[in-house]
Each structure stands twice: as C-alpha cells, then as structure tokens.
Amino acid sequence: MTTPREPYRVIQWGTGAVGAEMMIAALDGRAGLELVGAKVYSESKHGTDVGTLVGRDPVGVLATADTAEVIAMPADCVLYTPRTTDLDEVCAILASGKNVATTAFLFHPARLPAPDRDRVLAACEQGGTSVHGSGLNPGNLSGVLPLALSGMSRTIDKVTLQERADWSVYPSTGITFDNMAFGEPVEQINAATNEFLAFNSSIFTEQVWLMADALNAGIDEVTATVEAVAAQEDHQIFDHVLRAGTTAGQRWNWTGRRNGEPLIEIETLWTVGGEYPDHWPRPKDGWTLTIEGDPSMRTHFFSLASFTRPASMDEHVRSANVATAMQVLNAVPALCEAPPGFATSASLPLVRSRVGFGNA
Ligand SMILES: NC(=O)c1ccc[n+]([C@@H]2O[C@H](COP(=O)([O-])OP(=O)(O)OC[C@H]3O[C@@H](n4cnc5c(N)ncnc54)[C@H](OP(=O)(O)O)[C@@H]3O)[C@@H](O)[C@H]2O)c1
C-alpha cells in the first residue's frame with residue numbers, strides 16, 4: 001500500500017528527455033516528492049548519481065540498470081518514462097506495491113484488450129496500487145482540457161483535436177526514427193505491420209475512448225487511418241539524414257463513431273524536415289481543440305520556454321517535455337491516494353501545479 005504522507009518516494013524509470021524533467025522537479029524539493037531511485041537503460045548511466053544525471057549536485061542515490069533491483073526497491077510511485085513500454089514490467093511494479101505514473105501508455109486501461117486490461121487490474125489489486133497515464137497528447141490536451149471545456153457545454157455534437165508539429169527539433173531521435181519510422185519507406189507506415197506504430201495507434205485509440213466514455217458519446221468503434229508522405233529532398237536531423245523519397249510526413253486520424261457518425265477525432269499532422277504537404281489541413285502549429293455543440297468552442301494550445309524573454313530553440317523544445325513531465329508528476333499525490341485500479345484524466349481530481357508561483 002502507499003503512504004498517504006509526503007514526501008512521496010518516487011523512482012524514475014527511464015531518464016531521457018521527459019524523465020530528466022521529472023527528476024529535476026523532484027530534486028527541487030518543492031513537489032512533495034523524494035527521488036529514491038532510477039532505472040536506466042544505458043550501461044554508461046549505471047551507478048551514476050541521479051543528481052549528476054540531470055546536471056545537479058549528487059544526492060547519494062545511484063541509478064541502476066538492474067530491473068529486478070528497482071522492482072524490489074520500496075517507494076510510493078514509479079515515474080515510468082522509457083522509450084518503449086513493457087506491460088509485464090509495469091504489472092510487476094504495480095504488484096510490488098508501487099503506483100505507476102507514466103507518459104508512455106495506459107491512458108484509459110479499461111479500454112485495453114481484455115487480457116491486458118485484466119492483468120493490469122490484477123496487478124493493481126495484488127499491490128494495492130493504481131496506474132495513471134497522461135502527458136501533453138495523449139494527456140492533458142485530449143483528456144483534461146476537453147473535459148474542462150465541457151463544463152461550459154449544454155450539449156456536445158463533436159470533439160476534434162488536431163496536432164500539428166514538425167519533429168525536426170525533437171531531440172529524442174530514437175522515438176522519431178526507430179519508433180515512429182520517419183525516414184523509412186512510406187509503405188512501411190501503417191498500424192498493421194509496424195509494431196511500434198501499432199502501439200502508437202493504440203494509445204491514441206484509447207484516448208478517443210477516454211473522451212467518449214467521459215462525455216457519454218456512446219461510440220461503438222474507433223478507427224485509425226494514416227497517410228505517409230515522402231520527402232522531396234534530404235534533411236539533416238541531429239545525427240540522422242532523412243533521405244529524399246522516405247517518410248517525412250505522417251497524417252494519422254483516429255475517429256470514434258456512433259452508428260457510423262464521427263463524434264470524436266484526434267488528428268496528427270506530423271512532419272520531419274519542415275516540408276508540409278499542400279493537401280493537408282493547415283491549423284496553426286500546436287494543438288487546436290474544437291468542440292462543436294451548444295455552444296461551439298475552439299481553443300489553440302502552444303507551449304514555449306517564454307512568450308516574453310528571448311529563448312533558444314532548445315529551450316522552446318524543452319518546454320513541451322516539461323509540460324508532458326509535469327502533467328504526470330503533479331498527479332502523483334492524487335494517484336498515490338487513489339483506490340487501487342485505473343486512475344485516468346477523467347477520474348482523478350484536476351491536476352494542478354503543486355509549486356505554482358512558489359510563494360506559499
Ligand atoms: N503523452 C505525451 O504527451 C508524451 C510526450 C512525449 C513523450 N511521451 C512518451 O514518454 C516517453 C519518454 O519520452 P522521451 O522523450 O523522454 O524519450 P527518450 O528521451 O527518447 O527516451 C527515454 C529513455 O528510454 C530509455 N531507453 C533506451 N533504450 C530503451 C529500450 N530498449 N527500451 C526502453 N527504454 C529505453 C533511455 O533510458 P536511459 O537514458 O535512462 O538509459 C532513454 O533515456 C516515451 O514513451 C514517449 O513516447 C509522451
């Protein structure tokens with residue numbers, strides 16, 4: 001069982017771009033969390049102090065690449081942010097008595113295929129724990145924000161979220177190229193044959209179900225489509241060359257329908273290399289959420305390091321990782337106090353910044 005007292009002891013699982021932001025916030029000491037361990041994948045990080053890993057002073061807690069060691073560690077919550085997920089691993093963490101807060105998956109586990117759903121639930125029951133998946137999108141913008149806006153709705157006819165992003169500046173190139181298959185032949189971009197793209201498609205499908213279930217849409221299916229477009233020329237993306245003729249654009253669409261009528265849509269307009277197909281829709285960069293209904297509402301979200309001071313591109317890019325990380329980190333206290341099982345953006349209380357202005 002978890003301890004209903006602060007600080008909540010957390011373990012960082014995966015210390016990449018998003019994980020590092022969580023570690024910095026936990027080490028800052030104001031989030032009500034104590035960083036008691038870290039699971040790393042790179043051997044070069046094994047045995048390194050968690051403070052050192054994120055450019056802070058050492059704190060006497062060493063990261064380890066040994067999965068069994070981390071699962072045996074006492075803690076209240078694991079912040080699970082690896083590049084690729086492992087459901088067996090997550091079940092073992094939950095069964096060991098540690099809650100799981102993740103940016104990677106499990107956004108609406110009640111809609112997982114039944115065997116997966118049931119074993120996650122069994123692990124939660126065994127460990128007296130709960131699991132919460134969130135972030136930016138999937139996460140706040142396709143969960144918290146539409147539900148918050150729906151508080152102003154009399155009735156809703158349709159919800160659409162469009163995400164337009166060029167990934168050229170996203171430093172997690174393992175995700176861009178290895179997982180998301182940018183730079184691969186366009187015919188390889190589909191959810192049927194590519195394992196990671198199938199996984200990626202499943203998490204957005206789950207997110208459509210989350211909105212649908214929370215807003216009484218009564219949908220009977222969610223379908224996924226993708227259009228991949230090829231680069232016209234080569235592009236240097238960090239240490240990768242994206243070759244002309246390979247995938248430089250992916251337009252995914254997940255639609256939840258009731259009796260064939262589309263009620264909820266998430267569409268991603270993703271490019272790498274900055275070429276933008278003429279025939280794609282052109283919402284502003286960032287996220288555009290439209291609720292058609294009584295009343296109809298539209299809002300646009302975009303994060304930067306600052307809207308007032310000059311900032312480098314690295315800082316601006318980092319802001320999206322901060323947002324992703326904080327949405328989940330700020331949910332930890334509520335997650336640790338939640339009853340065993342699934343804790344979603346719809347079931348947890350509104351996640352707010354714990355530190356805020358920091359003047360308490
Ligand atoms: N929901 C959202 O809005 C949202 C937004 C952004 C990202 N995400 C998700 O959050 C997670 C973290 O993203 P990120 O940008 O931080 O990723 P990242 O920097 O590319 O990678 C995260 C960590 O994955 C670890 N890793 C290396 N090899 C691995 C393997 N074979 N299997 C599993 N993990 C491995 C590494 O750990 P070490 O460095 O510790 O060795 C790496 O630092 C991803 O699952 C990503 O899809 C979600």
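**Exercise 1.** In this predicted model, find which residues of helix 1 meet which residues of helix 9, then work out how the two helices are set against each other.

*Solution.*
- Start with the contact itself: on the helix 1 side you'll find Ala 17, Val 18, Glu 21, Met 22 and Ala 25, and they meet Asn 321, Val 322, Thr 324, Ala 325, Met 326 and Leu 329 of helix 9.
- Now sort these residues by character: 8 are nonpolar, 2 polar and 1 charged.
- Next, what do we need to describe the packing? For two packed helices, it's the angle and the distance between their axes.
- Here the axes of helix 1 (residues 17-28) and helix 9 (residues 313-329) come within 8 Å and cross at roughly 60 degrees.
- Roughly perpendicular would need 65 to 115 degrees, and roughly parallel under 35, so helix 1 and helix 9 are oblique to each other.
- Finish with the hand: the crossing is right-handed.

**Exercise 2.** Trace the open sheet of 6 strands and say why strands 8 and 14 each have one side without a neighbour.

*Solution.*
- Read off the order, 8-11-12-7-13-14, and note that the pairing is mixed.
- Look at the ends: strand 8 (221-230) and strand 14 (297-301) are at the edges with a single partner strand each, so one side of each has no neighbour in the sheet.
- Going from one strand to the next, the twist averages 10 degrees.
- Zoom in on one pair: strand 7 (residues 155-166) and strand 12 (residues 261-271) run parallel, joined by 8 bridges.
- Within that pair, Thr 160 sits opposite Glu 265 of strand 12.

**Exercise 3.** What is the helix and strand content of residues 146-353?

*Solution.*
- An unreviewed UniProt entry lists this stretch as "domain: 2,4-diaminopentanoate dehydrogenase C-terminal".
- Over residues 146-353, the chain is 26% helix and 32% strand.
- The end C-alpha atoms of the stretch are 19 Å apart.

Terms used: Residues are numbered from 1 along each chain as its sequence is written. This is a predicted model: local features need pLDDT of at least 70, side-chain atom pairs count only at pLDDT 80 or more; totals for chains, interfaces and linings use all residues. Two strands pair if DSSP finds at least two bridges between them. Helices (H or I, at least four residues) and strands (E, at least two) are DSSP runs, numbered from the N terminus. Axes are lines fitted to C-alpha atoms, for helices over the stretch in contact, and angles run from 0 to 180 degrees between N-to-C directions. UniProt positions are given in the numbering used here, feature names are shortened, and annotations may be inferred rather than shown by experiment. Angles under 35 degrees count as roughly parallel, over 145 as roughly antiparallel, 65 to 115 as roughly perpendicular and the rest as oblique. A crossing is left-handed if the near helix is turned anticlockwise from the far one by less than a right angle, and right-handed if clockwise. Two residues are in contact if their C-beta atoms, placed from the backbone, lie within 7 Å. Ala, Val, Leu, Ile, Met, Phe, Trp, Tyr, Cys and Pro count as nonpolar, Asp, Glu, Lys and Arg as charged, and the others, Gly among them, as polar.
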